[in-house]
Amino acid sequence: VVDYAAGIGGWALGLYYALTAAGKRADYVVYAYDIDAKRLEVYRRGVERVTGWKVVPRRVDLVKRMPEENADIAVGSPPCEKLSVANHSYNIERGLVLVRRYLEYVDTVRPKVSLFEEVAFMHSVREVIAKLLRQHGWHYEIRCLSEYGVPQSCRRRVLGWKIL
């Protein structure tokens, strides 16, 4: 598994709990890519403790370098601060740099399963991301995750998937 812009491990834990709920057991090696060393350490400790999977943290600026591993599963939630209207330096093009890089990585490596999630507050941002996903052969939906039990106020998320 390659976890692109890994944060503190939401994707890995979600994958683990989904597999567990489906009665599946898998032993993965997870390559966690993020620029922040502290987040990666929290990720490693938490994901290894809960899942038993081996985590290989990779401190990398994903604007400058793509993941190196060929993954069976790729998950990604590129940071969205440049896409948020709450950010005074709001800039769609700058915000899409890591989104595009993740889609390029998936196109290059061709994992069996690829998943994508991004906050998209504004309709114009959702449309731009949806267009990018379509161009790269992804399926997607726009959802309000609070309707599914996610403990947050209603935020629109673009959820994408690509299965080979």
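A residue counts as buried under 20% relative accessible area, as exposed over 50%, and as partly exposed in between. The exercises below apply this definition and others to a predicted model.

**Exercise 1. Classify Tyr31 as buried, partly exposed or exposed, and describe its surroundings.**

Solution. Step 1: locate the residue. Tyr31 belongs to strand β2, which comprises residues 29–34.
Step 2: apply the cut-offs. The relative accessible area of Tyr31 is 23%, so this residue is partly exposed.
Step 3: list the contacts. Leaving aside residues up to four places away in sequence, Tyr31 touches Val1, Val2, Asp3, Val56, Arg58 and Glu69.
Step 4: compare sequence with space for one of these partners. Val1 and Tyr31 are 30 residues apart along the chain, yet their C-alpha atoms are separated by 6.2 Å.

**Exercise 2. State how many helices and strands the protein has, and in what order the elements run.**

Solution. Step 1: count the elements. The protein contains five helices and seven strands.
Step 2: read them from the N terminus. The order is β-α-β-α-β-β-α-α-β-α-β-β.
Step 3: add the totals. The protein has 164 residues, of which 40% count as buried. Among contacts between residues at least 6 apart in sequence, 69% join residues at least 24 apart.

**Exercise 3. Determine whether the length of helix α1 agrees with expectation, and where its buried residues lie.**

Solution. Step 1: test the length. Helix α1 has twelve residues, 10–21, which at 1.5 Å a residue should span 16 Å; the end C-alpha atoms are 16 Å apart, in agreement.
Step 2: identify the buried residues. These are Ala12, Leu15, Tyr16 and Leu19.
Step 3: place them around the axis. They cover an arc of only 100°, and therefore lie on the same side of α1. The general principle is that an α-helix has 3.6 residues a turn, so residues three or four places apart point the same way.
Step 4: examine the other side. There, Gly10 and Ala21 of α1 are exposed.
Step 5: find the cover. The elements over the buried residues of α1 include β1 (2–4), α2 (37–51) and β4 (73–76).
Step 6: look past the helix. Gly23, which follows α1, has a positive phi near 75°.

**Exercise 4. Describe how α1 and α2 are oriented to each other and what residues make their contact.**

Solution. Step 1: take the geometry. The axes of the two helices come within 10 Å and cross at roughly 10°.
Step 2: apply the cut-off. Angles under 35 degrees count as roughly parallel, and α1 and α2 are therefore roughly parallel to each other.
Step 3: name the residues. Helix α1 contributes Ala12, Leu13, Tyr16 and Tyr17, while α2 contributes Tyr43, Val47, Val50 and Thr51.
Step 4: sort them by character. The contact of α1 with α2 comprises seven nonpolar residues, one polar and no charged.

**Exercise 5. Carry out the length and burial analysis for helix α5, and characterise Trp138.**

Solution. Step 1: test the length. The 13 residues of α5, 123–135, should span 18 Å at 1.5 Å a residue, and the end C-alpha atoms are indeed 18 Å apart.
Step 2: identify the buried residues. They are Val125, Arg126, Ile129, Ala130, Leu132 and Leu133.
Step 3: place them. Viewed down the axis of α5, they fall within an arc of 160°, so they line one face of the helix.
Step 4: turn to the face away from the buried side. His123 and Gln135 of α5 are exposed there.
Step 5: follow the chain onward. Gly137, just after α5, has a positive phi of about 80°, and Trp138 is in the loop between α5 and β6 (139–144).
Step 6: classify Trp138. Its relative accessibility is 4%, so Trp138 counts as buried.
Step 7: list partners. Beyond residues up to four places away in sequence, Trp138 touches several residues, including Tyr102, Phe116, Leu133 and Trp161.

**Exercise 6. Contrast the settings of Ala5 and Arg110, each with a positive phi.**

Solution. Step 1: check phi. Ala5 has a positive phi near 60° although it is not a glycine, and Arg110, also a residue other than glycine, has a positive phi near 60°.
Step 2: locate them. Ala5 is in the loop between β1 and α1; Arg110 is in the loop between α4 (97–109) and β5 (113–119).
Step 3: apply the cut-offs. Ala5, at 13% relative accessible area, is buried, whereas Arg110, at 54%, is exposed.

How values were computed: Residues are numbered from 1 along each chain as its sequence is written. This is a predicted model: local features need pLDDT of at least 70, side-chain atom pairs count only at pLDDT 80 or more; totals for chains, interfaces and linings use all residues. Side-chain values use heavy atoms; hydrogens and water are left out. Helices (H or I, at least four residues) and strands (E, at least two) are DSSP runs, numbered from the N terminus. The expected span of a helix is 1.5 Å times one less than its number of residues. Buried means under 20% relative accessible area, exposed over 50%, partly exposed in between (1.4 Å probe, protein chains only). The arc is that of the directions from the helix axis to the C-beta atoms. Contact means heavy atoms within 4.5 Å. Axes are lines fitted to C-alpha atoms, for helices over the stretch in contact, and angles run from 0 to 180 degrees between N-to-C directions. Angles under 35 degrees count as roughly parallel, over 145 as roughly antiparallel, 65 to 115 as roughly perpendicular and the rest as oblique. Ala, Val, Leu, Ile, Met, Phe, Trp, Tyr, Cys and Pro count as nonpolar, Asp, Glu, Lys and Arg as charged, and the others, Gly among them, as polar.
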